[in-house]
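Here are my notes from going through the model, in the order I'd look at things on screen. Have it open while you read.

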Amino acid sequence: MLEASLNGTSLDLVSENVKKLKILFPEIVTEDKIDFAMLQAVLGQHIDHANERYSFTWQGKVQALRLSQTPSTGTLLPCQEESKDWDTTQNLYLEGDNLEVLKLLQKAYHNKVKAIYIDPPYNTGNDFVYSDDYRDNLENYLRLTGQKTEDGLKLSTNSEKAGRYHTNWLNMMYPRLRLARNLLTDDGVIFISIDDNELDNVKKLCNEVFGENNFIDIFSWVKTETPANLSKKTKKAVEYILCYEKNKNDHKFKGLRKESKSSNGLLNQSNAVKRLVFPKQVVDTSLADGVYQAGQYGTSSYKIILLEDTEVKDGYFTKDVILEANFKWGQDKLNKEIEAGTKISIKTIAFSPSYEKKEYEPEVPWNLINRSFNVKTNEEASKELERLFGFKVFDYPKPVSLVKYLLNFNVGQHDVVLDFFSGSATTAQAVLQLNAEDGGNRRFIMAQLPEPCALTSEAVKVGYKNICEIGKERIRRAGAKMKAEQGSAVEGLDIGFKVFKLASSNFKKWNPDLADLQTSLEDMISNYVQGRTEMDVVYEIMLKYGIDLAVPMEEYDVNGKKLYSLGFGSLVICLDDDITTALIDSIIQLKDKLAPEKMRVVFKDNGFRNDAVKTNSKEILKQARIGEFVTI
Ligand SMILES: C[S@@+](CC[C@H](N)C(=O)[O-])C[C@H]1O[C@@H](n2cnc3c(N)ncnc32)[C@H](O)[C@@H]1O
């Protein structure tokens, strides 16, 4: 039996990587430390010993890298009252600094996210760039959001004059992108909106984080059709969207489907001459009734030979039409197309066949994105959001149509989509709309800092204190609108979301007051931070265990003690005091009822009636083949 105690930190990425190295090169590990000289020896000729080499670096890069590897000491507190459809929804809205949030998601959502869309601050000189604190980033966040002092977020812009202009931005982005990559599925993709302030930096940064080989393209999106006349050199009409795959693969991206109203000729000069049989009754024609004799037809540029006489009656050929010409298709392809419903016509005496597909495969997207792909502009996006709220609630939201179009490149009906700079939650609305269109159940995870709305903004006047309040309300309104407008067509659409808020761990850190050790010790015995609920602790355990925050949770009352069962019994949690072996027996009964592949159980370390009960409980669980016994 595996016996463990949970601590209050998120996944330790460095230890995980060391474990992977140990598997690859067992010989480099001595006394649980990496022997670097041995690693170099093992890698032999692949080591670069040159002093000068191409690299992309900036001040603070190493610290930023370390920051991405330091486990978070935070947790996500469930906030049912601000959520929608808590019991059933699969969507998440996570409030907090995305660096900490991404760290907390590392275990539960590792390799789970099919697409990430982000629209980070562009570093225009006017926008604020979150500044991490390498000593204690969570404390920094709690201080900034007024959870530690009365101050609240004091945000300053990252001004061009500040000297460390690009550096600050890179230090902010680097650890976040590194963590985001871990969450992508092997065939996952990331889209990053950016303008020319940081385009060259973000490209180099992504080459490093995602690998040059995984670069797909830089899409140019026409953000406006009436560009401002501000520069003496160019009018800026586009912004960019960088796209990387986690592992570049052969799957085709899906752009738009060509409309099936167009009719295409079946001849192509560069194809070899082939003989095709067009079955009678199937081919559509406008030729007059009568017999058509074998011979040469066609046009001045195409020679078409009718190999046997044929006849038209009432708009259909009564005999097969056998033609020889430079056809694009062979007989097999022609037969398959006819079977798939493609309409074949021979309209004129030239006997030149044409086809009209019932439905076209989606085309691979262009790297230019504009109205011809049904993607709207910034101005239209602002108006759409304004219509939803009745006033201008947020500056520069992206168009839903843009995010929808991008996601559709590779996101399937059951995939997870993440946006960790979610702003007004455009991405959530895009996911809802995609699901409404095809009945899919894609899920969204939004992360957003509770950045205060500008004091002079309309949003503040109406009562929205921060951007998270706007984001959540947007999802509520967009979902309600879809239900109202589309009724039973979207009956099963999940328009809910579970809200969680970043906070310090529910588990106390051992931080004794040396002058009053007795009180510190007594204080530790209660295990949790004051004011937190049992549900807060249950969700922290889920995060630490890597369980999806949206999995169904069942609660059982066993003789006044509460058992939480997650994932149909794969994790059972009891946080009550005075646990006896009778409760342990009930857990075993639950195991028999739910029959999970493997059951793990979690108790409070000091929750057992006494040490003997704890020892006995472990033994009983072991005999019942319950694999893991964890105390917190
Ligand atoms: C350009 S906006 C995104 C707009 C969004 N695409 C939309 O359509 O509404 C970037 C957002 O990232 C948020 N942000 C900046 N730093 C953050 C951080 N460290 N954690 C979470 N969100 C952050 C900002 O508050 C801002 O709302």
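1. Overall picture. Keep in mind that this is a predicted model. The C-alpha atoms of the protein fit in a box of roughly 110 × 70 × 65 Å along the principal axes. Of its 632 residues, 48% count as buried. The secondary structure adds up to 17 helices and 29 strands.

2. Domains. The domain assignment splits the protein into domain 1 (10-69), domain 2 (74-256 + 364-503), domain 3 (264-356) and domain 4 (517-631). Note that domain 2 is given as two stretches, with domain 3 numbered between them. The C-alpha centres of domain 2 and domain 3 are 52 Å apart.

3. Who is around the ligand? There are 19 residues surrounding the ligand, and the closest are Asp119, Ser424, Thr426, Gln448 and Glu451. By type, the shell divides into seven nonpolar, seven polar and five charged residues.

4. Polar contacts to the ligand. Three are worth displaying as dashed lines. Glu451 has a side-chain N or O atom 2.4 Å from an oxygen atom of the ligand. For Thr426, a side-chain N or O atom lies 2.5 Å from a ligand oxygen. Asp97 instead pairs with a nitrogen atom of the ligand, with a polar side-chain atom 2.9 Å away. How much of the ligand's accessible area does the protein cover? On its own the ligand has 610 Å² of accessible area, and the protein covers 93% of that.

5. Cysteines. If you were wondering about disulfides, a search of the whole structure finds zero. Why is Cys79 not bonded to Cys468? Cys468 holds the closest cysteine sulfur to that of Cys79, but the distance is 11 Å, so the two are too far apart for a bond. A disulfide would need the sulfur atoms within 2.5 Å. Cys79 counts as buried, because its relative accessibility is 7%, under the 20% cut-off. Cys574 is buried too, with a relative accessible area of 0%.

6. Asp133. This residue sits in the loop between β6 (113-118) and α5 (137-144). Is Asp133 buried or exposed? Despite the loop position, Asp133 counts as buried, at 12% relative accessibility. A polar atom of the Asp133 side chain lies 2.8 Å from the backbone nitrogen of Arg135, so have a look at that pair while you are in the loop, since anything within 3.5 Å can qualify as a polar contact.

7. Met535. You'll find Met535 in helix α15 (residues 534-545). With a relative accessible area of 22%, Met535 is partly exposed. Met38 is 497 residues away from Met535 along the chain, and their C-alpha atoms are separated by 48 Å.

8. Two positive phi angles. Neither of these is a glycine, so I'd click on both. Asn559 has phi near 45 degrees and belongs to the loop between β25 (553-558) and β26 (561-566). Asn559 is exposed, with 70% relative accessible area. Ala595 has phi near 50 degrees, again a positive value in a residue other than glycine. Ala595 is in the loop between α16 (581-594) and β28 (600-603), and at 57% relative accessibility it counts as exposed.

Methods: Residues are numbered from 1 along each chain as its sequence is written. This is a predicted model: local features need pLDDT of at least 70, side-chain atom pairs count only at pLDDT 80 or more; totals for chains, interfaces and linings use all residues. Side-chain values use heavy atoms; hydrogens and water are left out. Domain bounds come from an automatic or database domain assignment. A residue is near a molecule or strand if one of its heavy atoms lies within 4 Å of it. A polar contact is a pair of N or O atoms within 3.5 Å; within protein, one must be able to donate a hydrogen and the other to accept it, and residues adjacent in sequence count only if both atoms are side-chain atoms. Accessible areas come from the Shrake-Rupley method with a 1.4 Å probe; for residues, only the protein chains shown count as cover. Ala, Val, Leu, Ile, Met, Phe, Trp, Tyr, Cys and Pro count as nonpolar, Asp, Glu, Lys and Arg as charged, and the others, Gly among them, as polar. Buried means under 20% relative accessible area, exposed over 50%, partly exposed in between (1.4 Å probe, protein chains only). Helices (H or I, at least four residues) and strands (E, at least two) are DSSP runs, numbered from the N terminus.
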